[in-house]
Every structure is written in C-alpha cells, then in structure tokens.
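Good morning, and thank you for making time for this item. I would ask you to keep the sequence and the structure in view while I speak.

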Amino acid sequence: MKKWLIPVIIGVWAVSLNAGLSFGIAPGATLNDSVRVHIVIPSIIGLYVSTDSVVFDFNVYVSNGTYPPSSFPAYYDPTTGTAENPNGVGVRVFSNSPTYTWHLETWGSGDFSTTVTLDQLEYSPRGAATWSSFSTTQTEIATGGKTGGWANNDQDYRFRAEADDEPVDAGVYIYYRLYAN
Amino acid sequence: MRYKIILPLLIVFFTVCFPHKVQAISIIILSVDKGNSNVELTFDLGNSPDFPPPQLPACYYPSQGTQTNSKGIYIEVRVINIFGQSISNAYLDIKAYPNPSASVTCDQIYWTITPTTLPSPGTEPQPPWTPLSLNWDNVDIIPIGRRSIYREYYMDMCFKLESDDEPTPPSGIETTIYIRFYGL
C-alpha cells in the first residue's frame, strides 16, 4: 500500500468511528453489519361467527305448498341463511397452540313464544345432519387442538314445526363461546 | 458529515504534495440505522389488533422498527473515489441466520426497498417483497463511475404468519439479519 494512503485511511477511519460507519478500500474490503430480529407470537384462540340473521319465513313455504305439512312434526331449512352458509351460520375457530384444548359451546336466549319454543330450533355441523335441539344451557358442540389456521365449524339450522304452533313473528339470539384450557 | 470536509482537504493535499504518486482508490462506506448500535427489529404479534388475522398467510410490519425506519431498516452506502475509481460495481447483499425456530423460518421475513403496501391477508407476498434466506441475496448493484456515489435505502420488512406457526416462548425467538457491502 502506498504510504500516502495511510493518512487518508486514518482520516476516514476517524470520521467513520465518530459516525458509526464501517469503511474499507475496494476491491478487497467487505463491510458487514447486522440487525437483530425479535419475533413474538402469542398463544391465541379466535372465534368468528357470521353476523347475518338466519330466517325461517313460513310465507315462503305456504307459497310453495310445503306448509302446512301433511303430518307433524315437519322440518324446514332456513329461507335465508348467512353469507358463509346458506343453511345456517358460518362458525370458524382459530387456535395456534399445540398444548391447549379449545372448546366451542352454543346456547339460545329463550323461546320464540309460548307455543313456539327454543328447542324447535335445531343445529348440526354443516352437512352432517346430526341434529340437536337448542337450549338455554351452554352445550359443547366441538373441541380440538391446534387448528392450523381458521377451522370450519359451520352449523346448519333447521326448524321443527309442530301441530300446536301459533302464528309468530319473533327471533331469538344464538350464542357461541370459545375457551381453551 | 465531517468527512465531507476532511476528504476533499486530504485529496487536495495529496494531489498538490504527491502528484506523481496518485493512484485511483475507492473507499466504500456502510452505515445501518445511522450507525446506531444494537439495532433491533421486533415483530410482536400480541401488539397487533389484526392477530389472529382473518385469513392466512398474513403479513405484519414490525411492531417496533429501528430509530430511522419504523417499518424496517435504514441503510446508507457510499463509494468515495479518489483520483478515479478502483471498482466497477458495488454490491449490497443481505441474508439471515439462523432460522428463528423449527416452525418459523427466515424466509417468513420479507424485505423491500421499493415503497409498497402489505399483502392482503390470505395472499402470498409478491415482488417487490423478497423473502430473506440463509444465503446471500443481492439487494442492489451500483455501477461505479468516476464520481463518488451515495445511496440510501429505506428497507421495509414484514413478517409472514403461516397457518402452522406455533406460539413462541413469551420472550420470543430471534434471528439476525446480516448486511454486507463490497466492490469489485
């Protein structure tokens, strides 16, 4: 290296130190710096339930001649479902934990009327046709571990029409609860 | 910025005193986050209102960036030619090592030096977003002419959460991003 380079390098080095820089003569020098990256992913569960109303409008069934039925009880699908599930509600569960178990529960707010009761509304995992009646008691409908994204737990609804049902225009709330332990 | 004063003085000094001994040299300079020490990026998804995301994969900006770029890293490079250039190109490269964990890998951290937006949840990051790898990847190639060069890069970074990512220990997991600058 030429002698005259020494003061140049010393000068740049002094400035570099002051400014937190690294420097070198090219070609030959390779400058390196690094940044530490810290990642925190918490253990979490998530629940999504579609917010649209599910409607059983028996005017539709009267119009198409399926209500009143030839015999009771008779079962009817929703006339209006939700965006995610035309026959009920979209329910999605998220859990990223390989150690915790999640539990999904559902229940209803109460009867539609004195003659049309909550248990006439039934639910089933989408497409499974394994029907259960809603009640006001929290009932576990699914459980599991790590979902690997959002797991589909859509629920189909159907209404059981009975012979003593009187005219009604009323709604109930259906609740879903997710917890892990 | 003192070198802006010192270097020209040195050049003038040596040109006048040693005109027969001059030869072209290129001095390369690298600075990350304005030379701050202990530069660290944090992706703490617990601080994000969008976690868990509606769809996966989902990308997140750092919850804590560096002092000079809230979304990533700020890099400055300089090539100062004295009596001409001794290199044709300067190269800025990047890599990460090691993988943060068995399920979270380096290629889930993406960088871009082109201003862009985060990918929508449910979509894979597309160029200019580029995944980090364990091997050196080129960020920029700078042609060197007779004039000195100054470039600054606002390198934004995002973390891509995948469906199989498991919770980290509360203290988190780590990797290191390496940046190198050289000329040929």
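I begin with a single residue, A:Val116, which counts as buried because it has 20 C-beta neighbours inside 10 Å. The threshold for that label is 20 or more other C-beta atoms within 10 Å. I should state at once that this is a predicted model. As for its setting, A:Val116 belongs to the loop that runs between strand E7 (102-108) and strand E8 (121-125) of chain A. Leaving aside residues up to four places away in sequence, A:Val116 touches A:Asp111, A:Asp165 and A:Val168. How far is A:Val116 from A:Gly46, 70 residues apart along the chain? Their C-alpha atoms are separated by 33 Å.

A contrasting case is A:Asn59, a residue of helix H2 (residues 58-63) of chain A. A:Asn59 has 9 C-beta neighbours inside 10 Å and therefore counts as exposed. Between the C-alpha atoms of A:Asn59 and A:Thr79, which are 20 residues apart along the chain, the separation is 9.7 Å.

Let me now turn to chain A as a whole. Chain A contains two helices and 13 strands. Of its 181 residues, 24% are buried. If one takes the contacts in chain A between residues at least 6 apart in sequence, 77% of them join residues at least 24 apart.

Which strand pairings deserve a closer look? I would start with strand E6 (residues 91-95) of chain A, in which four of the five residues are buried, so the strand is largely enclosed by the rest of the structure. Strand E3 (residues 45-49) of chain A runs antiparallel to E6(A), and five bridges join the two. Within that pairing, A:Gly46, the residue I mentioned in connection with A:Val116, stands opposite A:Phe94 in E6(A). E6(A) also pairs with strand E11 (residues 150-152) of chain A, again in the antiparallel sense, over three bridges. Here A:Val93 stands opposite A:Ala151 in E11(A).

A further sheet in chain A is open and consists of three strands in the order E10-E7-E13, with antiparallel pairing. Why is one side of strand E10 (139-144) and of strand E13 (174-180) left without a neighbour in the sheet? Both stand at the edges, and each has a single partner strand, which means that one side of each has no neighbour there. On average, neighbouring strands of this sheet are turned by 20° against each other, direction ignored. The antiparallel pairing of E7(A) with E13(A) extends over seven bridges, and in E13(A) the bridge partner of A:Thr106 is A:Tyr176.

I close with the interface. On the two sides, 42 residues of chain A are in contact with 57 residues of chain B. Several elements of chain B each supply at least two residues to the side that touches chain A: helix H1 (3-17), strand E1 (25-32), strand E2 (40-44), strand E4 (72-82) and strand E10 (173-183). Which of these gives the largest share? That is E10(B), with 11 residues. Sorted by class, the side of chain B that touches chain A has 33 nonpolar, 14 polar and 10 charged residues.

Strand pairing also crosses from one chain to the other: strand E2 (residues 30-40) of chain A and E10(B) pair in the antiparallel sense over 10 bridges. One example is A:Ile39, whose bridge partner in E10(B) is B:Ile173.

Technical notes:
Residues numbered from 1 in each chain as written. Chains lettered and ligands numbered in written order. Predicted model: local features only at pLDDT ≥ 70, side-chain atom pairs only at ≥ 80, totals over all residues. Contact = placed C-beta atoms within 7 Å. Nonpolar A, V, L, I, M, F, W, Y, C, P; charged D, E, K, R; others polar. Pairing = 2+ DSSP bridges. Buried ≥ 20, exposed ≤ 12 C-beta atoms within 10 Å, placed from the backbone. Axes fitted to C-alpha atoms, helices over the stretch in contact; angles between N-to-C directions.
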